[in-house]
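Me: Hi! I've got a structure open and would like to talk it through with you. Could you look at it with me?

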Amino acid sequence: MAESLCNPSESLEEIMSLLKQAMEDVVMLEKTRKEDGEGGFITTWHEGAMFKAAITYDTSISARIAEKQGVTSIYTITTSKSARLEFHDVLKRLSDNKIFRVTSDGDDKFTPESSSLNMRQVTAEEWSLPA
């Protein structure tokens, strides 16, 4: 008989506590373009809203195959439902200053209203700000 992934003695509150413990500070990076005076523009990035997120590296077989085919590292970002991330949003994890770019849409994967879990997930790639 298969073993359950959840310990039956763990309450929902204990499970939610583990999720909260995985959350860390991140900050949105906002792109701004200004005229350069020569007919072009200069792109700058500045820190925006700060929020909590759990960022995990995807080690599944399908993610490893994708990496071999040239896809950058794949991460899952879990936030509260109020932190709706959009395709190509850029954020920085403050613990190590690693930058991520969202590669899915926050409206695609979230817990239903009837759930006591307050979660939304997106996929992301490790990213570098363009020079």
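Reply: Happy to; what follows is a chat about this predicted model, going from the overall fold to single residues.

Me: Great. How do the strands run in the barrel?

Reply: There are six strands in a closed barrel, in the order β1-β2-β3-β6-β5-β4, and the pairing is antiparallel. On average, neighbouring strands of this sheet are turned by 45 degrees against each other, ignoring direction.

Me: How many bridges join β1 to β2?

Reply: Eleven bridges, between β1 (residues 24–35) and β2 (residues 41–57), which run antiparallel. If you want a spot to click on, E24 stands opposite A53 in β2.

Me: Let's go inside. Which residues of the largest nonpolar core touch the most other members?

Reply: That core has 14 residues, and the ones touching the most other members are V26, F51, I55, I77, L85, L91 and F100. Two or more residues each come from β1, β2, β3, β5 and β6. The largest share, three residues, is from β2.

Me: And what does I77 touch, not counting residues up to four places away in sequence?

Reply: Quite a list: A53, A54, I55, L85, L91, F100, R120, Q121, V122 and A124.

Me: New topic, aromatics. How many pairs does a search of the whole structure find?

Reply: Three aromatic pairs turn up. One of them is W45 with W127: the ring centres are 5.9 Å apart and the planes stand at 75 degrees, so this pair is edge-to-face. The two residues are 82 apart along the chain, with W45 in strand β2 and W127 in the segment after β6.

Me: Is W45 buried or exposed?

Reply: In between: W45 has a relative accessible area of 23%, so it counts as partly exposed.

Me: OK, and how far apart are the ring centres of Y75 and F100?

Reply: They are 4.9 Å apart, and with the planes at 75 degrees this pair is edge-to-face as well. Since Y75 belongs to strand β3 and F100 to strand β5, the pair ties together parts 25 residues apart in sequence.

Me: Why do Y75 and F100 count as buried?

Reply: The cut-off for buried is under 20% relative accessible area. Y75 is buried because its relative accessibility is 7%, and F100 is buried because its value is 0%. By the way, Y57 joins Y75 and F100 in one aromatic cluster.

Me: Which charged end sits over the ring of F110?

Reply: The one of R120, 5.0 Å from the centre of the F110 ring.

Me: F110, does that ring turn up again elsewhere?

Reply: F110 is among the contacts of M119, leaving aside neighbours within four places in sequence. The others there are L19, T78, T79, K81 and T111. M119 itself lies in the loop between β5 and β6 (120–126). The C-alpha atoms of M119 and K81 are separated by 5.1 Å, although these residues are 38 apart along the chain.

Me: Last one, backbone angles. What is phi of H88, and where does H88 lie?

Reply: Phi of H88 is near 70 degrees, a positive value in a residue other than glycine. H88 lies in the loop between β3 (74–79) and β4 (90–93), and it counts as partly exposed because its relative accessibility is 38%.

Me: And N97?

Reply: N97 is not a glycine either, yet has a positive phi of about 60 degrees. You'll find N97 in the loop between β4 and β5 (99–102). At 48% relative accessibility, N97 counts as partly exposed.

Terms used:
Residues numbered from 1 in each chain as written. Predicted model: local features only at pLDDT ≥ 70, side-chain atom pairs only at ≥ 80, totals over all residues. Heavy atoms only, no water. Helix = DSSP H or I, 4+ residues; strand = E, 2+ residues; numbered from the N terminus. Buried < 20%, exposed > 50% of the residue type's maximum accessible area, 1.4 Å probe, protein only. Contact = heavy atoms within 4.5 Å. Pairing = 2+ DSSP bridges. Axes fitted to C-alpha atoms, helices over the stretch in contact; angles between N-to-C directions. Core = buried A, V, L, I, M, F, W, Y, C linked by side-chain atoms within 4.5 Å. Phe/Tyr/Trp six-rings, centres within 6.5 Å; stacked < 30°, edge-to-face > 60°. Lys NZ or Arg CZ within 6 Å of the ring centre and 35° of its normal.
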